[in-house]
Amino acid sequence: MDQAEGLRNIIKKQEPQPARQTARVITVTSGKGGVGKTSVSVNLAISLSRMGKRVVVLDADFGLANIEIMLGIRPQYNLADLMFRGKNVKDIITYGPENIGFISGGSGISEMANLTREQIFYLIQKLEELDQSVDVIIVDTGAGIGDSVLEFVAASSEVLLVATPEPTSITDAYALLKSLSRCSSYQPGMTVVKMIANQVRENGAARELFEKISVVVNKFLDIEIEYLGEIPYDSNMSRAVMQQEPVCVAVPESMAARAVRRIANALENKEEEVSKRFGIMHLFSSVIRMKFKQ
């Protein structure tokens, strides 16, 4: 059996069945670094966990260690141990505050960015058990519009785009959406992008930011974009990052923490609108299909 046939069998195996529950996968991305994407991912995970959800954050910025640095926790194992050293999914999940789990790609592990197709097949099969054991998987992508970021975004049905009112953030957010629309594997109507305005300093600035992005997206791109919510600028957030503690834990009643809770509630209210829930196994299978087309 060749690799292509192996991929088809894996995809067929992971097609959702009526009696089988898979995790809700939410991909968090941004057009550039420095907009608070990872902080949003972590604090959103904590808020969802407090709502009774079993949550795992997957650090998809392979070769870096953003999640573990933000939490101040060094995991014993990471994705490389799953791939190369015989560990299972449960072994590589590290638990942080509020019992959120996270999976690290590993700091400086270059081989994670250059997996063979056989290794990726193995990874997909291993991730099937993750689909069955958690409610929500938050995929924290790398920043920018590199191929690895676009592959994850194009394969996702639910994407959170984090942007700030800074002109460079607006420009880069649109550049990411433009690159997504040109991605050969992107299917209009299958991916819904929900924007989060972060580090907002003035009333009305969040909606203005969304209008600036959505007006050009609606005019030039075949992408569905929605407004999800805003997180105001809050010095507590930056202090919490420096202390390697999520603001939802360090200062739970801060403006930023309350705003993240509102966004978590908005996501919960929109859960029934997510028409297809294929889980993390489907996400990685889709990414592999993209690689076969390259």
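## Exercises on a predicted model

In this predicted model, helix 2 passes helix 12 in a right-handed crossing. Let's start there.

**Exercise 1.** Find which residues make the contact between helix 2 and helix 12, and the angle at which these helices pack.

*Solution.*
- Step 1: Locate helix 2 at residues 37–50 and helix 12 at residues 255–269.
- Step 2: Compare their axes, which are 9 Å apart and at an angle of about 65 degrees.
- Step 3: Pick out the touching residues. Helix 2 brings N43, L44, S47 and L48, and helix 12 brings V260, R261, I263, A264 and L267.
- Step 4: Sort this contact by class: six residues are nonpolar, two are polar and one is charged.

**Exercise 2.** Work out the strand order of the open sheet and name its edge strands.

*Solution.*
- Step 1: Trace the eight strands across the sheet; the order is 3-4-2-5-1-6-7-8, with mixed pairing.
- Step 2: Look for strands that pair on one side only. These are strand 3 (94–95) and strand 8 (224–232), the edge strands.
- Step 3: Zoom in on strand 6 (residues 158–163) and strand 7 (residues 192–200). They run parallel and are joined by six bridges. L160 has K194 of strand 7 as its bridge partner.

**Exercise 3.** Determine which strands helix 7 and helix 12 lie across.

*Solution.*
- Step 1: Follow helix 7 (residues 147–154) over strand 1 (24–30), strand 5 (136–140) and strand 6; its direction is at about 145 degrees to strand 1.
- Step 2: Do likewise for helix 12, which lies across strands 1, 6, 7 and 8 and runs at about 150 degrees to strand 8.

**Exercise 4.** Identify the salt-bridge partner of K37 and say how many residues separate the two along the chain.

*Solution.*
- Step 1: Begin with the whole structure, where a search finds nine salt bridges.
- Step 2: Go to K37; its side chain meets that of D140, at 3.1 Å from N to O.
- Step 3: Place both residues: K37 is in helix 2 and D140 in strand 5, so the pair, 103 residues apart, links distant parts of the chain.

**Exercise 5.** List the contacts of N236 beyond its neighbours within four places in sequence.

*Solution.*
- Step 1: Find N236 in helix 10 (residues 235–242).
- Step 2: Set aside those neighbours; V247, V251 and S254 remain.
- Step 3: Check P246 too, ten residues along the chain from N236: their C-alpha atoms are 9.8 Å apart.

**Exercise 6.** Judge where the predictor's confidence stays under 50.

*Solution.*
- Step 1: Take the whole chain: mean pLDDT is 84, and 82% of residues reach 70 or more.
- Step 2: Turn to residues 14–19, where pLDDT stays under 50; the model gives this stretch eight contacts beyond four places in sequence.

Definitions and conventions
Residues are numbered from 1 along each chain as its sequence is written. This is a predicted model: local features need pLDDT of at least 70, side-chain atom pairs count only at pLDDT 80 or more; totals for chains, interfaces and linings use all residues. Side-chain values use heavy atoms; hydrogens and water are left out. Two strands pair if DSSP finds at least two bridges between them. Helices (H or I, at least four residues) and strands (E, at least two) are DSSP runs, numbered from the N terminus. Contact means heavy atoms within 4.5 Å. Axes are lines fitted to C-alpha atoms, for helices over the stretch in contact, and angles run from 0 to 180 degrees between N-to-C directions. A crossing is left-handed if the near helix is turned anticlockwise from the far one by less than a right angle, and right-handed if clockwise. Ala, Val, Leu, Ile, Met, Phe, Trp, Tyr, Cys and Pro count as nonpolar, Asp, Glu, Lys and Arg as charged, and the others, Gly among them, as polar. pLDDT is the predictor's confidence in each residue, from 0 to 100. A salt bridge is a side-chain nitrogen of Lys or Arg within 4 Å of a carboxyl oxygen of Asp or Glu.
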